[in-house]
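User: Hi! I am new to reading protein models and would like to learn how the labels are chosen. Could you walk me through this one?

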Amino acid sequence: MTTLETQMGQPQKISVAAAATAKIQSSTSSFKRWGRKHPFVRYGLPMISLTVFGALGLGHLLQGSKDIAKVKDDQEWEIIETRKALSRTGPIDAYQPKRISLEEELKALQQKVDINNYEYKRIPKPNEGKSN
């Protein structure tokens, strides 16, 4: 038990918990008073710091995803380059595209398809479906 003097100057016995509570209440009231005196510190500073730290955090997260994408691109590029290298080291003249002309293609197509011999086939309407 500690003693606390009242306004009349008479000592009064109170518990330690009550003294701590009184001290906390006085500090919170002084904090409220301080916040009213300096509104920038109470409202502006937290808002600005939240904005700045949020931007830094998002930048850090985005940089991580960019790094992962870069690694994947590098791996794909290496695969493409090794395929090119393998094809370069293959036998000389391994691939020679056949030289073709449009006239030759037309003759080959005319031999496959006979436009004078055909038969009519009925195309079913969408409403008929497969029920018939």
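**How the labels are earned**

Analyst: Happy to! Let's start with one residue: Ile-48 lies in helix H2. Please keep in mind that this is a predicted model.

User: Why is Ile-48 called partly exposed?

Analyst: Its relative accessibility is 45%. Buried means under 20% and exposed means over 50%, with partly exposed in between. The value for Ile-48 falls between those cut-offs, so Ile-48 counts as partly exposed.

User: What makes Ile-48 eligible for a nonpolar patch?

Analyst: A patch residue needs over 30% relative accessible area, and Ile-48 has 45%. Ile is also on the list of nonpolar side chains. The patch on the surface is formed by Trp-34, Phe-40, Val-41, Leu-45, Ile-48, Val-52, Phe-53 and Leu-56, and together they have about 800 Å² of accessible area.

User: Which helix gives the most to the nonpolar patch?

Analyst: That is helix H2, residues 39-88, with 7 residues.

User: What does UniProt list for residues 40-62?

Analyst: An unreviewed UniProt entry lists them as "transmembrane region". Such annotations may be inferred rather than shown by experiment.

User: How do you know that residues 40-62 are helix in this model?

Analyst: The chain is 100% helix and 0% strand over that stretch, whose end C-alpha atoms are 31 Å apart.

User: And how much of the chain counts as buried?

Analyst: Of the 132 residues, 2% do. The accessible surface of the chain comes to about 13,400 Å², with 61% belonging to carbon and sulfur atoms.

User: In what order do the elements run?

Analyst: From the N terminus on, they run β-β-α-α-α, giving 3 helices and 2 strands in the chain.

Notes. Residues are numbered from 1 along each chain as its sequence is written. This is a predicted model: local features need pLDDT of at least 70, side-chain atom pairs count only at pLDDT 80 or more; totals for chains, interfaces and linings use all residues. Side-chain values use heavy atoms; hydrogens and water are left out. Patches are made of residues with over 30% relative accessible area and no salt bridge: like charges are joined within 9 Å, nonpolar side chains (Val, Leu, Ile, Met, Phe, Trp, Tyr) within 5 Å. Accessible areas come from the Shrake-Rupley method with a 1.4 Å probe; for residues, only the protein chains shown count as cover. A salt bridge is a side-chain nitrogen of Lys or Arg within 4 Å of a carboxyl oxygen of Asp or Glu. Helices (H or I, at least four residues) and strands (E, at least two) are DSSP runs, numbered from the N terminus. Buried means under 20% relative accessible area, exposed over 50%, partly exposed in between (1.4 Å probe, protein chains only).
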